[in-house]
Each structure stands twice: as C-alpha cells, then as structure tokens.
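Open the model in your viewer and keep the sequence panel in sight. Each stop below says what to select and what is found there.

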Amino acid sequence: MKIFAGLFFYVFFFAHGVDSACPSNFVKLGDSCYHFSAERSTWYDADSKCRKMGALLLSIDSKEEEFYIKLHMRHDYKDTRMWTSGIADRGKYIWHSTGKPILYGTWCPGEPNNANFNEHCVELWEFGGRSCLNDNRCDDDGSKIKSKISFICEYNK
Ligand SMILES: [Ca+2]
Ligand SMILES: [Ca+2]
C-alpha cells in the first residue's frame, strides 16, 4: 500500500510538474510526452491536430505506458472517450503511429465489435474508474453516434 501511494505521488508529481523535455501543453508520463485534448474531433481531425503539434496520436507500446495513461485518465479525464492512433487494418488492429499490432490496452467487454461494419478507429474509454479500448466510427456521419471525441497526442523525443 505504501509503495502504491508512493507511485501515485510520483506519477502525479511528474504529470503536473513542468518538464523542460516536453513541449508546452504536454505532460511527461514515463518515457513520452502526452497532450490530452478535450477538443472534440473526428479521428482524422485529431490525427492532423496532433501532427500540427509535432506529435502523433497515442500508441500504447508497453504495460508501463498503459498503466500511466490509464492512471492519468482516471485522475483527470473521468467518463471520457479519447482517440488513440489505433485503426483497423485488413482485419487486424494496429497503432497507426507505429504500424505495430495492438498488444497493450485491454479491449472493453465485447469489443472490438465493428458495429454496423463501420467502426475502424480505436478510442480509449474511461468509465467507472477503469478504461478500455473500443472500436468506434472514425468520422462524423451525422447519426449522433459519438465519433467526435477528445484525443491523446504522443510526442517522442
Ligand atoms: Ca507510445
Ligand atoms: Ca465498438
């Protein structure tokens, strides 16, 4: 318990501290810098907004990175859906930012389900103190399904 409390302090000290190694508006968690944007966007707009900041949409590349991202979401972004760089690519799910298969990040129960054969982009969905991956529609087709959501950019030095 003591160790966990210490880790908690460590994570949020760095998450909210100023780190000169990260661009402004980015927080350092583990080895990368992240920008958590509340600006609701389609996946494509989120992708281009990250690129304009010199970053790419999030890819979760390790258990450690998964832990940091989920902890940060639980702390600051409760009940929020955020785009990652995950996409469906010929029947597989990959991180668009790295081209690697999605190995880290737990899928939500029953996901990915490619609902209506129209869900090709992957969000991280925080609810009830946990977060998991879901495939969602990339674009807004006016059907009121939540495809305009927040997003996470990742900057690697
Ligand atoms: Ca990463
Ligand atoms: Ca889905």
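A residue is called buried if 20 or more other C-beta atoms lie within 10 Å of its own, exposed if 12 or fewer, and partly exposed in between. This model is predicted. With that cut-off in hand, the tour can begin.

**Whole chain**

Select the whole protein and colour it by secondary structure. It has 3 helices and 8 strands. Starting at the N terminus, the order of elements is α-β-β-α-β-α-β-β-β-β-β. Of the 157 residues, 34% count as buried. Among contacts with a separation of 6 or more, 65% are between residues 24 or more positions apart.

**Stop 1: Y77**

Select Y77, in the loop that connects α3 (63-76) with β4 (81-89). Is Y77 buried, exposed or partly exposed? Y77 has 18 C-beta neighbours inside 10 Å, so it counts as partly exposed. Now show what surrounds it. Apart from neighbours within four places in sequence, Y77 has contacts with F36, M82 and E126. Add W125 to the selection: it is 48 residues from Y77 along the chain, yet their C-alpha atoms are separated by 9.6 Å.

**Stop 2: strand β4**

Move along the chain to β4, where 7 of the 9 residues are buried. Which strands pair with β4? One partner is β6 (residues 121-127), which runs antiparallel to β4 and is joined to it by 4 bridges. To find this pairing, select R81 and its bridge partner in β6, W125.

Another partner is β8 (residues 149-155), paired with β4 in the parallel sense over 2 bridges. Here the pair to select is W83 and F151, the latter in β8.

The strand β5 (residues 92-95) also pairs with β4, in the antiparallel sense and over 4 bridges. Select A88 and, opposite it in β5, Y93. These two strands, β4 and β5, make a hairpin with 2 residues between them. One turn residue to click on is R90, whose phi is positive, at about 50 degrees.

**Stop 3: strands β1 and β2**

Go back towards the N terminus and select β1 (27-29) and β2 (32-41). They run antiparallel and are joined by 3 bridges. V27 faces Y34 of β2 across this pairing. The two strands form a hairpin with 2 residues between them, and G30 in its turn has a positive phi of about 65 degrees.

Keep β2 selected and add β8: 6 bridges join these strands, which run antiparallel. Pick S37 to see one of the pairs, since its bridge partner in β8 is F151.

**Stop 4: β8 and the core**

Stay on F151. Setting aside residues within four places in sequence, its contacts are S37, S41, A46, L57, M82 and W83. Next select C153, which lies in the same strand, β8. 

Is C153 buried or exposed? C153 has 27 other C-beta atoms within 10 Å, so it is buried. Show its contacts beyond four places in sequence: Y34, H35, S37, C50, M53, A55, L56, L57 and L58. Of these, A55 is 98 residues from C153 along the chain, with 6.0 Å between the two C-alpha atoms.

Now widen the selection to the largest nonpolar core, which has 29 residues. The members that touch the most other members are Y34, L57, L58, W83, F151, I152 and C153. Two or more core residues come from each of β1, β2, α2 (43-52), α3, β4, β6 and β8. In soluble globular proteins, nonpolar side chains tend to be buried together.

**Stop 5: helix α3**

Finish at α3, a helix of 14 residues. From its first C-alpha to its last it reaches 20 Å, close to the 20 Å expected at 1.5 Å a residue. Which residues of α3 are buried? They are E65, Y68, I69, H72 and M73. Turn the view to look down the axis of α3: these buried residues fall within an arc of 130 degrees, so they line one face of the helix. An α-helix has 3.6 residues a turn, so residues three or four places apart point the same way.

For a contrast, select E64, also placed in α3. E64 is partly exposed because 13 other C-beta atoms lie within 10 Å. Add G30, from the turn between β1 and β2. E64 and G30 are 34 residues apart in sequence, and their C-alpha atoms are 7.6 Å apart in space.

Conventions: Residues numbered from 1 in each chain as written. Chains lettered and ligands numbered in written order. Predicted model: local features only at pLDDT ≥ 70, side-chain atom pairs only at ≥ 80, totals over all residues. Contact = placed C-beta atoms within 7 Å. Pairing = 2+ DSSP bridges. Core = buried A, V, L, I, M, F, W, Y, C linked by C-beta atoms within 7 Å. Expected span 1.5 Å × (residues − 1). Arc of directions from axis to C-beta.
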